[in-house]
Amino acid sequence: MIKGISGARGKVGIDFTAEACLQLARSFGTVIGKGKVLVGRDTRPSGLMAFNAVKEGLLATGHPVIDLGIIPTPAIEFAVTHLAASGAIIITASHNPGEWNGLKFLDNAGLFLSPEKIARVYQPSLSKQICPEIIMPPPEKVEILPQYLEHILKLVDVRLIRQSKMKVAVDCVNGAAFQAAPKLLSELGCEVILLNCEPTGIFPHLPEPKPENLTSLCQKVKESGADLGLAFDPDGDRLALVSEDGKPLSEELTLTFCTDFMLSRRPGPVVINLSTSLAVETLAKKYGVPIYRTPVGEYHVAKKMLEISAVIGGEGNGGVIYPDGHPGRDGLIGTALILEYICRTGKKVSRLAKELPSYFLVKDKAALPDYPKPEMEKRIKTAFPEAALDCQDGFRIAGEDWWCQVRFSNTEPIIRIFSEAASEKEAGNRIALLRKVLSI
Ligand code: MG
């Protein structure tokens with residue numbers, strides 16, 4: 001399985017097996033403190049098999065199991081503190097295609113495990129079973145969705161949004177948001193146009209909410225005359241938007257919209273990852289608030305947000321973190337914030353997108369060079385002597401209104417190269433220069 005700070009993922013029946021799930025759950029049960037553990041899952045057909053294996057691992061380590069059923073990842077993050085659990089296991093492979101599944105692990109604050117703790121979860125030799133005399137209760141089923149939605153509704157001006165009577169098309173890719181998203185929109189007085197909102201776990205298109213995968217939603221928005229289209233990934237922590245003219249917006253705009261909304265109402269520190277668009281940085285400058293960048297991964301962003309009491313933050317791939325809700329990426333909270341933003345500004349989504357700062361992000365990849373990392377750093381420094389260099393997550397160089405990043409893949413012997421600038425040409429030129437100096 002591919003194991004990282006955001007969890008473990010594998011192909012179902014190949015490396016994502018009942019045995020692997022049981023083993024990981026038992027390790028998790030050994031690493032966390034005593035007490036009940038929540039288990040929830042997305043809609044993937046392999047989820048039930050994984051649930052049963054995870055349940056065995058947790059019972060073996062003396063943890064009562066609370067079964068949250070099929071539910072978005074952010075609802076589980078909310079539920080950990082709400083139900084005073086000692087942790088949670090989420091069965092999902094997030095945006096990966098249907099043949100994948102995986103596990104995400106949360107601590108008793110509803111946050112992803114620290115790098116030290118997750119490393120121990122991945123070491124099965126450390127896992128311990130409790131003595132066999134202790135009788136564990138059978139898993140208890142808990143319906144958390146009503147409380148989760150009630151919690152979200154307290155975060156926004158429900159009356160204002162209801163008055164606007166917006167028409168919203170929503171594509172849940174037959175994933176875990178299938179119930180939560182339409183219910184939330186109905187509570188907010190929206191006319192809801194459903195697309196792929198069946199809990200089959202059969203994804204009708206590639207499930208990552210990127211513009212190229214949202215053709216059917218764009219069409220739905222156009223033909224229904226909706227004010228907005230929303231696309232969730234299979235576990236509901238990432239959100240992408242389609243404007244009223246049926247155009248898919250870059251995922252980066254989800255967080256940009258939310259940041260503009262929050263800072264216009266309550267200016268304060270912002271935290272984003274090192275790969276997030278400059279647009280958020282430009283907004284922070286406009287509102288005169290500090291901005292911090294962390295390595296990629298919800299754990300890093302959320303931890304920094306709590307440390308400096310950020311008002312908003314997240315990851316540019318459609319992962320909005322609003323700490324008043326809970327310190328994790330939440331596509332449903334993102335939805336509520338964006339609806340209030342649209343209502344308050346009284347503008348169409350396409351116009352809002354045009355008015356916000358915009359840059360061009362070019363993405364590329366190359367084979368991992370056959371020389372060591374310090375040599376790469378030296379070459380980058382020589383080629384970009386004026387730029388600020390950040391080595392928290394690969395190499396990131398930045399100037400006044402541009403940045404480039406070279407990141408190392410966890411899963412393949414490749415490097416990913418990102419370049420953002422005011423024009424596509426400028427961004428492309430820097431990628432070409434990086435390729436030249438790194439001989440890739
Ligand atoms: Mg996800």
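**Exercise 1. Is Ser-94 buried or exposed in this predicted model, and which metal does Ser-94 help to bind?**

*Solution.* Start with the surface of the residue. Ser-94 has a relative accessible area of 1%. Buried means under 20%, so Ser-94 is buried.

Next, look at the metal. Ser-94 gives its OG atom to the magnesium ion, alongside the OD donors of Asp-233, Asp-235 and Asp-237. These protein donors lie 2.0 to 2.1 Å from the ion.

Now place the donors along the chain. Their spacing reads S-x138-D-x1-D-x1-D. Ser-94 sits in the loop between β5 (87-91) and β6 (100-106), while Asp-237 belongs to the loop between β10 (228-232) and β11 (239-242). The two residues are 143 residues apart, and the pair links distant parts of the chain.

Finally, check the other end of that pair. Asp-237 has 0% relative accessibility, so it counts as buried.

**Exercise 2. Work out which way the residues of strand β12 point, and which strands pair with β12.**

*Solution.* Begin with a handy rule: side chains in a regular strand alternate between the two faces of the sheet.

Then turn to β12 (residues 270-273). Val-270 and Ile-272 point one way, whereas Val-271 and Asn-273 point the other way. All four of these residues are buried.

Now look for the neighbours. One is β13 (residues 291-294), which pairs with β12 in the parallel sense over four bridges. Another is β14 (residues 312-315), also parallel to β12, over three bridges.

Val-271 is a good residue to follow here. Its bridge partner in β13 is Tyr-292, and in β14 its bridge partner is Gly-313.

Last, trace the connection from β12 to β13. Together with helix α10 (residues 278-287), these strands make a right-handed β-α-β unit.

**Exercise 3. Describe the interface of domain 3 with domain 4: what area is buried, and which three residues of domain 3 supply 54% of the area it buries?**

*Solution.* First set the bounds. The protein is divided into domain 1 (2-143), domain 2 (148-242), domain 3 (252-355) and domain 4 (360-438).

Next, take the separation. The centres of domain 3 and domain 4, taken over C-alpha atoms, are 25 Å apart. The contact involves 12 residues from domain 3 and 13 residues from domain 4.

Then consider the area. About 940 Å² is buried between domain 3 and domain 4, and carbon and sulfur atoms give 50% of it.

To finish, name the contributors. Leu-274, Ser-275 and Leu-278 supply 54% of what domain 3 buries against domain 4, more than any other three residues.

Terms used. Residues numbered from 1 in each chain as written. Predicted model: local features only at pLDDT ≥ 70, side-chain atom pairs only at ≥ 80, totals over all residues. Heavy atoms only, no water. Donors = N, O, S within 2.8 Å, 3.2 Å for Na, K, Ca; no water. Buried < 20%, exposed > 50% of the residue type's maximum accessible area, 1.4 Å probe, protein only. Pairing = 2+ DSSP bridges. Right-handed = clockwise from strand over helix to strand, strands pointing away. Domains from an automatic or database assignment. Contact = heavy atoms within 4.5 Å. Buried area = accessible area lost by both parts, 1.4 Å probe.
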